[in-house]
Amino acid sequence: MKLSRTDVLLMAFCTGLIVANIYYCQPLVILIAKEFGLTESHAGKITYLTQAGYALGLFLLVPLGDMFERKKQILLITCLAIGALLLAAFAHSFLLLEIACVLIGASSIIPQLVLPMAANLSSDEDRGPTVGIIMSGLLIGILASRAVSGSIGFLWGWRTVYFMAAGICFLLLLLMARRFPQSRPSFKGTYNELMSSMWYYIKTEPVLREASIINFLAFSILSAFWTTMVLFLANPPFNLQTLQIGLFGIAGAAGALAAPLVGKFSGGQNPRKNLLVGLILQLLSIAAFYFTGSHLYLFVAGIILIDIGQQAIHVTNQTRIYAILPEARNRLNTVFMSVSFVGASFGSALGLWLWEQGKWPLFCWGCGAVIVLNICIYKFYSGKIKINIDAGNSN
């Protein structure tokens, strides 16, 4: 079965609304801290617990997409997401909310089942643009989630956000059951053999190793920013409220617009050049954040740069790993995205720690150092990754 454009857009729509579950909590940290009588930094733990849960779900559940029919798996995990969101909405203690956030993260892996499904059903020449379109939906969902949760949380309380998310997932469950295509699995072995094969791919595929390491550090920067910017904007000289902070997510919409364009260039003879562009854009964004001062013009410019840079890195790396072994796309994607979201969890924790130690200036210096390290890793692999011109991919 070949995917139509309508199918691709539907997948982008669903992935965007589901991935939003991971990011609703970020603008709500201040409201949650007030309700449970916690410091803002302590309440911020839910951001990296959600991301850690996502990494756990990626590692344990996404590989099953190579073993079981993906549509059925997607529907079952969506049911789990509805339960986890309702648990958060009814949480009567911060500990219960923390548990719910881990489960929300673990059950929000559906985009990482949809992407391999789309890659399997796409031709070689369409794979990059298809991944780019779905990634656009993904990023729009991330950005919109912050604006929506900030607004709804400010008007009706943070619990309403989770009730709303559960309702959205229920509607998506009905839509996906009706419209998503069947996707036949390719792996015939046991679960232990399935998991063991991932270690084999890590050892034997240098493209997978490079893409995963670079994404780990790139995601850590993005996650550190979106977690720490809430504290930056909520304190002097800005003293913004949750509603206003959430609206800054809209400034990253340029990244969503860049994803299809990146996808078109990610299948060329040397797609690695997109990685360097993305890393430079991330470095420029940190410079803009550092010099923001008491005016927000540079801050908004930095948001646009950091999101475009992240898209250049992520879409390029994801397209590259999908070209390695078609029969193992879920397992390759598991390694890649698990490492990426461990990086995201690490970044949130790092951002909060840098903020506690030296506020915004130290945060910017620390993130700048991580990006420079990532550029060094990119340069290290430049001499080790062979460019397979005949295949049109970086191998």
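Buried here means under 20% relative accessible area, while exposed means over 50%. Keep those two cut-offs at hand as you click through this predicted model.

**Stop 1: helix α9**

Select residues 158-179, which form helix α9. The helix has 22 residues, and from its first C-alpha to its last it reaches 32 Å, close to the 32 Å expected at 1.5 Å a residue.

Now show the side chains of W158, V161, Y162, A165, A166, C169, L172, L173 and M176, the buried residues of α9. Why do they sit on the same side of α9? They cover an arc of only 135 degrees around the axis, and that puts them on the same side of the helix. An α-helix has 3.6 residues a turn, so residues three or four places apart point the same way.

Turn to the other side of α9 and you will find L171 and R178, both exposed. To see what covers the buried residues, add α1 (5-23), α2 (29-36), α5 (70-90), α6 (94-106) and α8 (124-156), which are among the covering elements.

**Stop 2: L175, still on α9**

Stay on helix α9 and pick L175. Is this residue buried, exposed or partly exposed? With a relative accessible area of 27%, L175 is partly exposed, because that value falls between the cut-offs of 20% and 50%.

Leaving aside residues up to four places away in sequence, L175 touches L10, F13, C14 and F180. Draw a distance from L175 to C14: the two are 161 residues apart along the chain, yet their C-alpha atoms are separated by 8.9 Å.

**Stop 3: S136 on α8**

Next, go to S136 in helix α8. S136 is buried, at 8% relative accessible area. For another distance, link S136 to R178, the exposed residue you met on α9. Along the chain S136 and R178 are 42 residues apart, and 23 Å separates their C-alpha atoms.

**Stop 4: helix α7**

Select residues 111-120 for helix α7. How many of its 10 residues are buried? Nine are, so α7 is largely enclosed by the rest of the structure. Colour them to see the set: P111, Q112, L113, V114, L115, P116, M117, A118 and A119.

Then bring up the partners. The buried residues of α7 pack against α1, α4 (45-61), α5, α8, α15 (297-322) and α16.

**Stop 5: where α10 meets α11**

Two packed helices are described by the angle between their axes and the distance between the axes. Try that description on α10 (residues 191-204) and α11 (residues 206-234), whose axes come within 5 Å and cross at roughly 90 degrees. The two helices are therefore roughly perpendicular to each other.

Show sticks for the contact: α10 contributes Y201, I202, K203 and T204, and α11 contributes P206, L208 and R209. By character, these contact residues divide into four nonpolar, one polar and two charged.

**Stop 6: the loop after α11**

Follow the chain into the loop between α11 and α12 (242-246), where P237 lies. Which kind of peptide bond joins P236 and P237? The bond is cis, with omega at about 10 degrees.

In this loop you will also find N239. Its phi is near 55 degrees, a positive value in a residue other than glycine. N239 is partly exposed, with a relative accessible area of 47%. For context, most residues other than glycine have a negative phi, and most peptide bonds are trans.

**Stop 7: K359 on α16**

Jump to helix α16 (residues 329-382) and select K359. Here, too, phi is positive in a residue other than glycine, with K359 near 55 degrees. K359 counts as partly exposed at 44% relative accessibility.

**Stop 8: helix α14 and S285**

Finish at helix α14, residues 273-290. At 1.5 Å a residue its 18 residues should span 26 Å, and the end C-alpha atoms are indeed 26 Å apart.

The buried residues of α14 are N274, L275, G278, L279, L281, Q282, S285, I286, A288 and F289. Zoom in on S285, which is buried with a relative accessible area of 0%. What does S285 touch, not counting residues up to four places away in sequence? Select G302, L305 and I306 to see these contacts.

Conventions:
Residues numbered from 1 in each chain as written. Predicted model: local features only at pLDDT ≥ 70, side-chain atom pairs only at ≥ 80, totals over all residues. Heavy atoms only, no water. Helix = DSSP H or I, 4+ residues; strand = E, 2+ residues; numbered from the N terminus. Expected span 1.5 Å × (residues − 1). Buried < 20%, exposed > 50% of the residue type's maximum accessible area, 1.4 Å probe, protein only. Arc of directions from axis to C-beta. Contact = heavy atoms within 4.5 Å. Axes fitted to C-alpha atoms, helices over the stretch in contact; angles between N-to-C directions. Parallel < 35°, antiparallel > 145°, perpendicular 65-115°, else oblique. Nonpolar A, V, L, I, M, F, W, Y, C, P; charged D, E, K, R; others polar.
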